[in-house]
Amino acid sequence: MARVLTPRAEDFPRWYQDLIAKAKLADNGPVRGTMVIRPAGYAIWERMQAEMDARIKAAGAENAYFPLFIPESYLKREAEHVEGFSPELAVVTHGGGKQLAEPVVVRPTSETVIGEFMAKWIDSYRDLPLLLNQWANVVRWELRPRIFLRTSEFLWQEGHTAHATRSDARAYARRILHEAYEDLMVNVLGIPVVVGLKTARERFAGATATYTCEGMMGDGKALQLGTSHELGQNFAKAFDISYSSAEGGREHAWTTSWGTSTRMLGGLIMCHGDDNGLRVPPKLAPVQAYVMIVKDGEGVGEAAQKLCDALRDAGVRVALDDRTDTAFGRRAVDAELRGYPVRVEVGPRDLAAGNAVVVRRTDGSKAPTPVADVVGAVLAALEADQRALHDQALEFRRSRTVEVSTLAEAIEASATGWARVPWSAVGVEGEAEANGQGVTVRCLVRADGSVPDSEDEPELVAILARAY
């Protein structure tokens, strides 16, 4: 396996690109900055999508769909928003062989177009809260593309809600942050995240507060895996999203937006991958158990099929590899690259002894197991390895996070991991200085690790790191 992928310790970015190519997760698209997600990668995205969709619906939001093309004038209504996105916009000026009367923007995010329809659909306080989500693609012209992490077009979900009060909007933005995003990332993706408040400098364009989930990758850098925003009344006033209150007056709504994307796939690779390839947490894996026929004959095919059926009956997502015309070693390498949590190898020699071999991707262990015990062994391995991947990632984050007291120490520590430093020792000027050296304040947290309401709270801790 050492020759299949560039070792992570030798060249982490090259290892990442090698893994994506060798595991057949994605490819570069024909237009610079775009990507083709291959079936192996898309299967993982579909699982992420299904798990996220269930959590969003549990929080009361409903799925809808809004146009890809947005009138340029819509973005200009919220000044901070258009200024923030202006460098990334793709603008269409011609269609049907003619110059358009008004240029249209290819959706970079949908606050403006959804705001237009919220204003149309909301009349009374009885129409609130309005909780919407859409699964879509967006375009943000990327100067330094990297598959899954930064591409000019990517897939995501974006939620948009309107509420009668600021407190309701804040509570809902926080609910999505914790119950949808943090829960998925920790308990399904196995990625421990620090959940905190973005500084004003890092805040989403047009928002009054941005909350984030930050994960540490295998090289010690940070990756923003999802964000939830309080938009205050900025968009409500720009698009006249207003309602008749119970008292009969006319009030502007308070809105939120929140999103996660295919960037989570990049995070999954960089958090859990090793020199042998991807390691997919069992709860997420499209294929949890991969049953492989080592060599056919002597009842091996029948035994392998029975094991598949038994595993499927036990609720395991299973696939059978009976391609005996391809060398077993090559197939095993491919399975390692794809990160299937458990392999069950069935060959004539082991079967003659009444066994199959259970191979765990997380620790590489191989255990001859009586055929009758395989289902139980696989179920136990899946449960244990879901925990193991999370715990390994958490221990790595702890080992690469240092407590410091000055900005200079924080910038130095960011060369190899994360720094925790009093926000009072950084401040707005210190943040700008750190940015000049390629280091950002990833988020602010309270001393007890909880999420603050404002960066002006006393005794806040800033997390500084280099980031993707």
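**Notebook: cavity, pockets, strands and rings**

I began with enclosed space, and the count came to 1 cavity of 30 Å³ or more. For this I used a 1 Å grid over the protein atoms alone, where a cavity is a set of points that a 1.4 Å probe fits but cannot get out of, a pocket is an open set with protein on both sides within 12 Å along at least five of seven lines, and lining residues have an atom within 4 Å of a point. Grid points are joined across faces, edges and corners, and a volume is the space filled by probe spheres set on the points.

A note on the source: this is a predicted model, in which local features need pLDDT of at least 70 and side-chain atom pairs count only at pLDDT 80 or more, while totals for chains, interfaces and linings use all residues. Residues are numbered from 1 along each chain as its sequence is written, and side-chain values use heavy atoms, with hydrogens and water left out.

**Entry 1: the cavity**

I looked up the volume of the largest cavity and got about 50 Å³. Its lining is E111, I114, G115, M118, H160, T161, L231, F235, I241, T255 and T256. Which element gives the largest share of that lining? I found that α5 does, with 4 residues; α5, β8 and β14 each supply at least two. Here helices (H or I, at least four residues) and strands (E, at least two) are DSSP runs, numbered from the N terminus. By class I count 5 nonpolar, 5 polar and 1 charged residues in this lining. Ala, Val, Leu, Ile, Met, Phe, Trp, Tyr, Cys and Pro are the nonpolar ones, Asp, Glu, Lys and Arg the charged ones, and the others, Gly among them, are polar.

**Entry 2: the strands**

β14 made me curious, and I checked its burial. Of the 8 residues in strand β14 (residues 254-261), 7 are buried, so the strand is largely enclosed by the rest of the structure. Buried means under 20% relative accessible area, exposed over 50%, and partly exposed in between (1.4 Å probe, protein chains only).

Which strands does β14 pair with? Strand β8 (residues 153-163) runs antiparallel to β14, joined by 8 bridges, and strand β11 (residues 222-230) is also antiparallel to β14, over 4 bridges. I call two strands paired if DSSP finds at least two bridges between them. On the β8 side I noted H163 with W254 as its bridge partner in β14; from T227, the bridge leads to G259 in β14.

Next I followed β11, which is mostly covered, with 8 of its 9 residues buried. Strand β10 (residues 209-216) pairs with β11 in the antiparallel sense over 8 bridges, and M216 has A222 of β11 as its bridge partner. The hairpin of β10 and β11 has 5 residues between the strands, and there G220 takes a positive phi near 90 degrees.

**Entry 3: the pockets**

The largest pocket holds about 1100 Å³ of space. Of the 40 residues that line this pocket, E88, R140, R150, Q224 and R263 are the closest to its centre. The elements giving two or more residues to its lining are α4 (79-85), β8, β11, β14 and β22 (440-445). I sorted the lining into 12 nonpolar, 16 polar and 12 charged residues.

The second largest pocket has about 410 Å³ of space. Of its 13 lining residues, E142, L143, R144, R150 and Y468 are the closest to the centre. What is the class make-up of its lining? I get 7 nonpolar, no polar and 6 charged residues.

**Entry 4: the rings**

I tallied 10 aromatic pairs. Rings of Phe, Tyr and Trp (its six-membered ring) pair if their centres lie within 6.5 Å; planes under 30 degrees apart count as stacked, over 60 as edge-to-face and the rest as tilted.

For W45 and W135, the ring centres are 6.1 Å apart and the planes at 75 degrees, so this pair is edge-to-face. W45 lies in helix α2 (residues 39-58) and W135 in strand β7 (residues 130-139), so the pair ties together parts that are 90 residues apart in sequence. Both W45 and W135 are buried.

For F117 and W121, the centres are 5.8 Å apart and the planes at 50 degrees, so I logged the pair as tilted. Both sit in helix α5 (residues 111-121), 4 residues apart, about one turn of the helix. F117 has 26% relative accessibility and counts as partly exposed, and W121 at 43% counts as partly exposed. F66, F117 and W121 form one aromatic cluster.

Finally, I looked for charges over rings (NZ of Lys or CZ of Arg within 6 Å of the ring centre and within 35 degrees of the ring normal). The charged end of R77 sits over the ring of Y74, 4.7 Å from its centre, and that of K221 over the ring of Y468, 5.0 Å from its centre.
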